[in-house]
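Hi,

Here is the structure I said I would pass on to you. Have a look at it first, then read on for what I found.

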Amino acid sequence: MKKFVFMLLLLLFVVVLPGHGHAAAGTNKIFLDDKELTAGQDVPVENVNSSVMVPLRMIAENLGYKVDWDQKSKTITIEQQGKTIKLFVDQTTASVDDKTVTLTAAPLLRTNTTLVPIRFIGEQFGLTVKWDNTAKVVNLITPIMPDPNADPGGNSGGGTNGTVPPADTTANLTMVNGVSFSENKLIIAMDGSSQPKVSKVTGPERIVIDLPNANFSDLFKTGQELDSSLNGKLTITDYPDVSGVRYSLYSTAPYTVRFVIDLTQAQNYSVDVTEDVSKLVVIDLNAASTDTTVTPPPVNNGRKLVVLDAGHGAKDSGAVGVTGKYEKNFNLAIVLKAAALLKKESNIDVVLTRSDDTFLELKDRAGMANNLKADLFISVHANSGSPAATGTETYYQRDASKALANVMHKYLVQATGLSDRGVRYGNFHVIRETTMPAVLLEVGYLSNKGDEALLFSDALQNKVAAGIVSGIKEYLGL
């Protein structure tokens with residue numbers, strides 16, 4: 001009798017509380033603005049390691065976004081209002097335009113759909129997300145967009161039935177009123193307190209100006225090109241250093257207006273913000289060079305220069321293993337061992353993006369290799385995914401890097417002895433923005449107990465470091 005009662009309680013626990021894997025059929029529903037989303041079958045919502053996973057394509061397409069699936073690389077690409085998101089099955093890292101973001105759980109491939117963490121949906125699509133764990137119901141709420149016909153006092157001019165947007169969505173937005181380009185200067189006119197964030201990006205050369213907490217005003221829409229997706233451009237013809245200027249409402253969560261000056265070559269600039277009748281942001285490309293931090297290429301007497309990049313560092317730990325070990329420490333250990341071996345080679349010079357527990361921006365890693373005019377760039381990482389995910393992967397972004405990826409992957413798989421997950425395309429910043437052949441190595445999975453134990457053993461680290469050196473030498477013909 002006791003055994004029967006125990007089995008009955010166990011059965012009830014499994015049925016009522018499906019903590020992992022597929023949730024019980026018929027108990028999961030997804031609502032978008034109070035409308036239930038259906039796919040002609042039970043909606044596959046799962047709970048994986050306390051992360052609620054929801055079907056990406058169903059939600060994205062109901063929001064009007066374009067979704068593409070690449071079976072070979074197992075990559076999902078989402079495009080919305082000039083924003084491009086790439087997710088990779090069994091990987092916790094995703095690409096959002098020029099930024100790498102980390103997911104709470106890796107996307108999972110299920111029949112006819114891909115599941116992603118509900119938190120990612122909220123953060124990237126600007127949705128309010130609510131999960132009712134008792135009813136197993138997901139509620140998605142789209143933000144109320146500002147009415148372009150409303151007057152400054154907030155009275156609706158029609159089209160929204162007098163609905164006032166929530167204060168935390170649109171209150172105190174800076175209004176961008178106009179843009180022009182003359183005398184080699186980009187001039188942006190606006191009303192509000194937004195402070196521009198300006199950065200120089202390489203590969204190709206461009207200057208990016210972000211205006212946080214800002215949107216385009218009605219005045220801008222009447223005076224400049226702006227399509228229905230809030231994208232536009234200026235045609236530049238008289239300035240050989242500039243091929244064009246692009247702009248868009250880059251994000252609505254938070255609101256951000258972005259301008260991009262596309263350059264024909266690297267260009268210095270200065271930023272000036274003035275306030276008179278209207279606030280003006282002036283990006284002056286006539287600025288004299290004041291950059292004294294660029295490292296000159298080493299005099300290598302014909303030797304090849306390799307830049308080794310240990311991913312993450314300091315405040316950015318990267319993936320965390322099942323026993324709490326940090327990816328950043330593994331990456332650094334491999335790079336230091338590989339560098340020690342390369343320094344014994346008479347025909348190779350080696351430079352490290354970091355040699356200790358230091359944080360570097362992605363653009364600085366790529367910029368260092370570009371400034372040094374390196375021959376090769378190799379970034380070392382460890383992966384994370386489901387507890388069952390295991391194996392070795394090598395990524396390239398540009399066609400010029402594919403041959404290097406094939407050679408490096410051959411030696412990497414031999415060194416690890418783990419399953420071969422193949423050479424894959426990956427839109428990662430450090431291998432996209434570098435100008436020489438560049439690859440990103442995912443040696444193994446820290447989320448897998450067996451992989452993690454191997455990755456933090458001296459024996460495997462020595463093999464991987466030697467494999468990296470062998471791959472470099474074969475590719476360079478040394």
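Before anything else, one term: pLDDT is the predictor's confidence in each residue, on a scale from 0 to 100, and a contact means heavy atoms within 4.5 Å. You need both because this is a predicted model. Over residues 145-170 the pLDDT stays under 50, and the model gives that stretch 29 contacts beyond four places in sequence. Residues 288-300 also have a pLDDT below 50, with 13 contacts beyond near neighbours in sequence. For the chain as a whole, the mean pLDDT is 78, and 77% of the residues reach 70 or more.

Now for the inside. Which residues touch the most other members of the largest nonpolar core? They are Leu308, Ile378, Met408, Val464, Ile468 and Ile472, out of 35 residues in that core. Strands E24 (304-310), E25 (348-352), E26 and E29 each give two or more residues to this core, and so do helices H6 (327-342), H8 and H11. Try clicking on Leu308: leaving out residues up to four places away in sequence, its contacts include Val335, Ala338, Ala339 and Leu342, as well as Val350, Val351, Leu352, Thr353 and Ile378. There is also a second, separate core of 29 residues, and Phe220, Tyr255, Val257 and Ile261 are among them. As a bit of background, nonpolar side chains tend to be buried together in soluble globular proteins.

Helix H8 is worth a closer look. It covers residues 402-416, and its 15 residues reach 21 Å from the first C-alpha to the last, close to the 21 Å expected. Its buried residues include Leu404, Val407, Met408, Tyr411 and Leu412, and also His409 and Thr416. What do the buried residues of H8 pack against? Their partners are strands E26 (376-383), E27 (392-396), E28 (420-425) and E29 (438-445), plus helix H11 (458-476). Just after H8 comes Gly417, with a positive phi of about 70°.

Two residues that are not glycine have a positive phi as well. Asn213, at about 55°, sits in the loop between strand E17 (206-212) and strand E18 (214-216). His312, with phi near 65°, is in the loop between E24 and H6. Is each one buried or partly exposed? Asn213 is partly exposed, because its relative accessible area is 35%. His312 has a relative accessible area of 15%, so it counts as buried, the cut-off being under 20%.

Cheers

Technical notes: Residues are numbered from 1 along each chain as its sequence is written. This is a predicted model: local features need pLDDT of at least 70, side-chain atom pairs count only at pLDDT 80 or more; totals for chains, interfaces and linings use all residues. Side-chain values use heavy atoms; hydrogens and water are left out. Helices (H or I, at least four residues) and strands (E, at least two) are DSSP runs, numbered from the N terminus. The expected span of a helix is 1.5 Å times one less than its number of residues. Buried means under 20% relative accessible area, exposed over 50%, partly exposed in between (1.4 Å probe, protein chains only). A nonpolar core is a set of buried Ala, Val, Leu, Ile, Met, Phe, Trp, Tyr and Cys residues joined through side-chain atoms within 4.5 Å.
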